[in-house]
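Me: I should like to examine how certain terms are justified for the model shown here. Please set each value against its definition.

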Amino acid sequence: MSDDHPRAAYARLPRDEAEAVAMQTELAGCVVEADDDSPIETIAGLDIAYDKDSDSAVATAVVMRRSDLAEIDRSVVHGASDFPYVPGLLAFRELPLLLQAIEALAVTPDLYVCDGYGLTHPRRFGLACHLGVVLDAPAIGVAKNPPHLPVEAPGPKRGAWTPITASGETVGCALRTQDGVKPVYVSVGHRSTLATARGLVLELAPKYRLPEPIRAADQLGRRRLAATE
DNA sequence: GCGACAG
DNA sequence: ATCTTGTCGC
């Protein structure tokens, strides 16, 4: 990313939905769909848990060592979302709190795994892309639900996958991480290729449907939210 | 043709 | 996202 685009500006909240869409359309050009040279040894899983009857939320980040998936760092940030959930604009709702959780970490992870889409997005700029571009760091997206695009179901075995295409371009893939379990939807966020992202997600999900860093962040957020009530 | 799209 | 525990099955 060049210096004429301050990262802080990318993280600011838009005044309305029209401006949000304009921001995404412009920033989509910043996404780098290629792997870094440096190896990925630490991975951060990110998530936000929302209180059922208030506007409070808890953003969590859990960093794991790639070699044995042991947790090496974690952070929890309590706050509230200023932006409503609007399909296609999830990043504006979650990014501010997620960035705070990341700042609270003691270590800088080599890769961020987001709960949601990366390039699998109407304007090819989902949460994982936005986060990756703002931090100028490798990021990928893992969603639990499929986009409204034609996707063939991958085979029943762990590791099976099918591409997700939009307008003739590959924007992600459906990946079966466990035998006979619903697939997850993987896409590039920033500074990664889909093949790398797919391989990593499979590697990070040796026992459950979701990658371990995401599972850990998810559980941590739920527990902290319940403990706060 | 329009609308449907993560959390 | 959230409401929700145990239970049936491999």
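Me: What makes the approach between the side chains of T120 and S187 a polar contact?
Reply: A polar contact is a pair of N or O atoms within 3.5 Å; within protein, one must be able to donate a hydrogen and the other to accept it, and residues adjacent in sequence count only if both atoms are side-chain atoms. The T120 and S187 side chains make such a contact at 3.4 Å, and the side chain of T120 also reaches the backbone oxygen of V171 at 2.7 Å. The model is predicted: local features need pLDDT of at least 70, side-chain atom pairs count only at pLDDT 80 or more, and totals for chains, interfaces and linings use all residues. Side-chain values use heavy atoms, with hydrogens and water left out, residues are numbered from 1 along each chain as its sequence is written, and chains are lettered from A and ligands numbered from 1 in the order in which they are written.

Me: Why is T120 called buried or exposed?
Reply: Its relative accessible area is 3%, and buried means under 20%, exposed over 50%, partly exposed in between (1.4 Å probe, protein chains only). T120 is therefore buried.

Me: Which residues is T120 in contact with, leaving aside its neighbours within four places in sequence?
Reply: They are P147, V171, G172, V186 and S187, where contact means heavy atoms within 4.5 Å.

Me: How do you know that K144 makes a polar approach to DNA strand B?
Reply: A backbone N or O atom of K144 lies 3.0 Å from a phosphate oxygen of the strand. For H148, a polar side-chain atom lies 3.1 Å from a sugar or linking oxygen of DNA strand B.
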